[in-house]
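Visitor: I am new to this structure and would like to learn how to read it. Could you walk me through a few features, one at a time?

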Amino acid sequence: MSALIRADLAQISVYKAETHTTNQAPDQTDKLDANEVAVDLPDWFKQKIAARAQTEILGNRYPDGEYLSLKKIIATYAGVEPEQISLGNGSDELIRSLLIATCLNNSGLNNSGLNNSGSILVAEPTFSMYGILAQGLGIPVVKIQRHEQDFSIDLDAAAAAVATGKIKAVCLVHPNSPTGNILNAAELDWIKSLPSDILVVIDEAYFEFSGQTLAGELFLHPNWLILRTFSKAFRLAAYRVGYAITSPELNSALEKIRLPYNLPTISAYAAELAIIHSQELLANIPEIIAEREKILAEVLALDSAKIRAWSSAANFLYLRSSRDAELCAHLKSLGTILRQTGGGLRLTIGTCDQNLRALTRLKDFIGIDLS
Ligand SMILES: *Cc1c(COP(=O)(O)O)cnc(C)c1O
């Protein structure tokens with residue numbers, strides 16, 4: 001069998017997350033590892049989806065393959081034109097599509113006679129799917145580091161990487177996961193200075209929490225592409241809907257790559273409904289942000305030799321302790337699930353009760369650690 005499968009796939013690890021797909025959980029598990037909103041969709045919202053499936057959706061028919069009504073609603077929400085919107089089965093699908101559209105088969109000699117002009121650039125720690133999806137397509141990944149004090153990008157390293165002529169796409173998360181920081185002024189200047197034959201991906205998965213977007217500047221930069229998702233603030237992770245906002249040119253390239261009928265009819269409907277009812281669905285964001293600030297203050301008050309935390313513009317906090325793996329395992333044994341990633345721990349802000357349990361357990365562990 002091994003002779004059958006591409007040798008470079010051996011280096012790729014499968015993206016794993018803790019699963020928690022029903023509310024019949026046998027135990028009191030606080031799932032704070034995937035940056036989902038902790039509270040499920042309201043009943044009235046679920047009932048609308050169920051009613052739609054029952055009475056209006058023809059189960060035997062393919063979806064409307066253009067998804068125009070959803071694109072129009074998203075365009076209005078994002079303040080752009082429908083021709084600028086592409087839809088994905090989660091924004092993960094769009095990441096793969098944009099890699100195919102720009103980098104795949106683009107690793108031979110470029111105009112300057114340099115090799116590997118189809119590489120992507122990522123600044124670690126960051127969302128791991130960029131690297132995983134690129135590797136799966138055989139696209140080289142160039143990794144640079146971030147400064148530890150605020151997780152801003154090492155721009156000297158970034159410039160040096162671009163100067164090699166190998167980088168075809170720069171992939172940035174705004175605010176970054178797992179570190180929670182938004183792009184700063186120097187980083188913005190840098191991406192504005194990039195040549196138009198380099199794709200700049202700005203992943204705004206946490207836009208509804210941060211209130212930060214570069215959508216208003218897209219018209220100046222046809223090589224920029226913004227990614228958003230319904231999986232986080234809109235609470236539709238189960239439905240798998242993401243979207244890209246970009247120039248009509250790049251958008252039509254994504255459309256060529258897209259699989260036909262990539263969104264199930266019910267998912268497209270759920271996303272439409274979510275935007276129509278965005279006020280209700282997004283109403284708990286201020287509470288999540290207030291909880292985030294409360295936890296941050298509490299962790300910052302602990303011994304910084306034992307645990308550190310950084311401010312965040314999203315619905316999670318990034319922590320580093322002297323014993324991350326043990327801390328993560330200890331909390332898990334008590335029922336609080338965090339994600340260990342990028343040399344630290346990412347804690348999703350959950351309900352008040354979940355947050356309190358997480359904080360109490362964390363403080364206990366730090367206390368144990370001291371003895
Ligand atoms: C969660 C997340 C996504 C993935 O979103 P889906 O639409 O669920 O595929 C993309 N980017 C970042 C940074 C994320 O945190």
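Visitor: Which residues does serine 119 touch?

Guide: Contact here means heavy atoms within 4.5 Å. Leaving out residues up to four places away in sequence, serine 119 touches Cys103, Ile139, Pro140, Val142, Lys166, Ile167, Lys168 and Ala169. Serine 119 belongs to strand E3; strands (E, at least two residues) and helices (H or I, at least four) are DSSP runs, numbered from the N terminus. Before we go on, please note that this is a predicted model, in which local features need pLDDT of at least 70, side-chain atom pairs count only at pLDDT 80 or more, and totals for chains, interfaces and linings use all residues. Residues are numbered from 1 along each chain as its sequence is written, and side-chain values use heavy atoms, with hydrogens and water left out.

Visitor: Is serine 119 buried or exposed?

Guide: Buried means under 20% relative accessible area, exposed means over 50%, and partly exposed is in between, using a 1.4 Å probe and protein chains only. Serine 119 has a relative accessible area of 2%, so it counts as buried.

Visitor: Let us try a helix. Where is serine 267 found, and what does it touch?

Guide: Serine 267 sits in helix H9, residues 265-276. Apart from residues up to four places away in sequence, its contacts are Tyr239 and Val241. Serine 267 is buried because its relative accessibility is 4%.

Visitor: And what about alanine 270?

Guide: Alanine 270 is also placed in helix H9. Its relative accessibility is 0%, so alanine 270 counts as buried. With residues up to four places away in sequence set aside, alanine 270 touches Phe45, Ile49, Leu236 and Tyr239. Look at isoleucine 49 in particular: it is 221 residues from alanine 270 along the chain, and 6.5 Å separates their C-alpha atoms.

Visitor: Now a sheet, please. In what order do the four strands form the open sheet?

Guide: Strands of a sheet pair through backbone hydrogen bonds, either parallel or antiparallel. Two strands count as paired if DSSP finds at least two bridges between them. In this model, four strands make an open sheet in the order E9-E10-E13-E12, with antiparallel pairing. Strand E9 (307-310) and E12 are the edge strands, each pairing on one side only. From one strand to the next, the twist averages 30°.

Visitor: Which helix packs on the sheet?

Guide: Helix H12, residues 324-334, packs there and touches E9, E10, E12 and E13. The direction of H12 makes about 30° with that of E13; axes are lines fitted to C-alpha atoms, for helices over the stretch in contact, and angles run from 0 to 180 degrees between N-to-C directions.

Visitor: How many bridges join E9 to E10?

Guide: Four bridges join this antiparallel pair, and a hairpin of five residues leads from E9 to E10. Isoleucine 307 stands opposite serine 321 in E10. On to the next pair: strand E10 (residues 316-321) and strand E13 (residues 344-348) are antiparallel over four bridges. Phenylalanine 316 has threonine 348 of E13 as its bridge partner, while tyrosine 318 has arginine 346.

Visitor: Which way do the residues of E10 point?

Guide: Phe316, Tyr318 and Arg320 point one way, Leu317, Leu319 and Ser321 the other, and all are buried.

Visitor: How do I read empty space, and how many cavities of 30 Å³ or more are found?

Guide: Rolling a probe the size of a water molecule over the atoms shows where empty space is left. On a 1 Å grid over the protein atoms alone, a cavity is a set of points where a 1.4 Å probe fits but cannot get out; a pocket is an open set with protein on both sides within 12 Å along at least five of seven lines; lining residues have an atom within 4 Å of a point. Grid points are joined across faces, edges and corners, and a volume is the space filled by probe spheres set on the points. The search of the whole structure finds one cavity of 30 Å³ or more, and the largest cavity has a volume of about 40 Å³. Among its lining residues are Ser86, Glu93, Leu254 and Arg258.

Visitor: What lines the second largest pocket?

Guide: That pocket holds about 400 Å³ of space and has 19 lining residues, with Ser13, Glu124, Ser128, Ile132 and Lys143 nearest its centre. H4 gives the most to this lining, four residues.
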